[in-house]
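Here are my notes on this one, in the order I would go through them with the model open. Have a look and see where you end up.

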Amino acid sequence: MKSYNGLYETMMDHEEIKAAIKSAAKHKTGRKSVRKVLEDLDGSAKEVAEAITKPGGWYPPKHEPQPRQDGTHKKLRMIQKPRWNNEQIVHHMLMRQLRPIITKSLYRYACGSIPGRGTHYAKDTMLRWRNGYNGKRFYVAELDIRHFYDTVDTERLKERIDRTIRDRRFKELLFRVIDGGGPGLPKGFYTSPWLAHFVLTPMDYYIVQTLRPDHYLRYVDNLFLFSRNKKELHNMVREIGRYLKSELGLEIKGDWQVFRFETVHRRTGKMAGRAINALGFVIHRDRVGMRKSILKRARRKAYKIGREKRYRRIDAAAMVSYMGYFSHSDTYGYYLRYIKPNVSIQRCKRRIAAADKKQKEARRQHDAVA
């Protein structure tokens, strides 16, 4: 295994700290505290460097997890919100060095929180695999890891980081961030999704190289395996469970399933099996639909806008977000019937642009007065 050194010196370079501040400020320039830091970038970078190098070193503050509802899955998640200055800046400083190392070893079909490997990449990949079977029978295993982020064994994680990185000072700072948000990897930290991939990469290669399904994709902690043999898939799931428990201290969630993908019986012409319902999409043998819960929410939002005849920014942004699903699925008929008569997507986009322009102008005037 290749090991890395010299990360701390690179991370603490003045220009590198400035780049990390700009990265951490992305999509947050509406905040007064963020603008204040950006106005004096050189001075802010110097202050961050001094905070890290002061006697005793820099330690992250403790956070109380806050409940937040996931808009897509309607799940209540406990999120830890790190302070922007200078906690989030330190997170970006660390990950600007660690991210290329993690990316270099990533499995090709590890998806989620990775640029260019989001839900559409995962969906398109599974579509390509589906088409490769040419209508012949195959099976799919769907499973996910139980309470993954909360149950990551951070001691095992640090041991693996210790084998990969030789830079003592860099590891000390990274370990303080890991230990400061436990147990597990805190949801809400910029570091957590990347460290999650780092944790699960050995499992990815174990599945591909040892278990050898026809195809395998992982979306963060959700696993999808394809095979022509149902019995072999069941055996693979059991072996994955053993590997997770012995090597990573994790468990498979109990609702995992192996099923036959929907096909048409050659003699009777009847449909058998079922579709893949994942990542907000429903992948059928001949089309791609949307999850019913997302369709219903999009329809309710369109009715709300049409009934009130008012385009609030939050509603407009929600409709534009739903259009990402409509444009990547075969649901145009549903859009024509329930969405288009009630709401104009172009008007939604203009509303968002106008609100953003108004916000920027208000900030400019405030800054001019100050």
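What share of the residues of the protein count as buried? Keep in mind that this is a predicted model.

1. **Overall picture.** To take the question straight away: 48% of the 370 residues count as buried. The secondary structure comes to 15 helices and 12 strands. Along the principal axes, the C-alpha atoms fill a box of roughly 75 × 60 × 30 Å. Accessible surface comes to about 20,200 Å², and carbon and sulfur atoms hold 48% of that. As for contacts with a separation of 6 or more, 68% of them are between residues 24 or more positions apart.

2. **Helix H9.** This helix runs over residues 168–180. Its 13 residues at 1.5 Å each should span 18 Å, and since the end C-alpha atoms sit 18 Å apart, the two values agree. The buried residues here are Phe-170, Lys-171, Leu-173, Leu-174, Phe-175, Val-177, Ile-178 and Gly-180; note that a lysine is on that list. What do they pack against? The partners are helices H1 (7–11), H4 (41–53), H5 (84–105), H8 (154–164) and H10 (191–211).

3. **Thr-201, in one of those partners.** Thr-201 lies in helix H10. Its relative accessibility is 4%, and the cut-off for buried is under 20%, so Thr-201 counts as buried. Setting aside neighbours within four places in sequence, Thr-201 is in contact with Ser-105, Leu-106 and Arg-160.

4. **Glu-9, in another.** Helix H1 holds Glu-9. Buried or exposed? With a relative accessible area of 46%, Glu-9 falls in between and is partly exposed. Not counting residues up to four places away in sequence, Glu-9 touches Asp-167 and Arg-169. For a sense of distance, take Phe-259: it is 250 residues from Glu-9 in sequence, and the two C-alpha atoms are 51 Å apart in space.

5. **A cis peptide bond to check.** The bond from Asn-85 to Asn-86 is cis, with omega near 10 degrees. Asn-86 lies in helix H5, one of the helices that the buried residues of H9 pack against. I'd like us both to look at this spot.

6. **Positive phi outside glycine.** Two residues go on this list. His-147 has phi near 45 degrees and lies in the loop between strand E4 (139–144) and helix H7 (148–151). At 48% relative accessibility, His-147 counts as partly exposed. Lys-309 has a phi of about 55 degrees and lies in the loop between helix H12 (292–308) and helix H13 (313–327). Lys-309 counts as exposed, because its relative accessibility is 67% and the cut-off for exposed is over 50%.

7. **The second largest pocket.** About 300 Å³ of space lies in this pocket. It is lined by 16 residues, and the closest to its centre are Gly-135, Lys-136, Arg-137, Thr-263 and Val-264. Which elements give two or more residues to the lining? They are helix H6 (119–132) and strand E8 (263–264). Sorted by class, the lining has 7 charged, 5 polar and 4 nonpolar residues.

Key: Residues numbered from 1 in each chain as written. Predicted model: local features only at pLDDT ≥ 70, side-chain atom pairs only at ≥ 80, totals over all residues. Heavy atoms only, no water. 1 Å grid on protein atoms, 1.4 Å probe; cavity = no way out; pocket = protein on both sides within 12 Å on 5 of 7 lines; lining within 4 Å. Points joined across faces, edges and corners; volume = space filled by probe spheres on them. Helix = DSSP H or I, 4+ residues; strand = E, 2+ residues; numbered from the N terminus. Nonpolar A, V, L, I, M, F, W, Y, C, P; charged D, E, K, R; others polar. Buried < 20%, exposed > 50% of the residue type's maximum accessible area, 1.4 Å probe, protein only. Contact = heavy atoms within 4.5 Å. Areas by Shrake-Rupley, 256 points an atom, 1.4 Å probe, with all protein chains shown as cover. Expected span 1.5 Å × (residues − 1).
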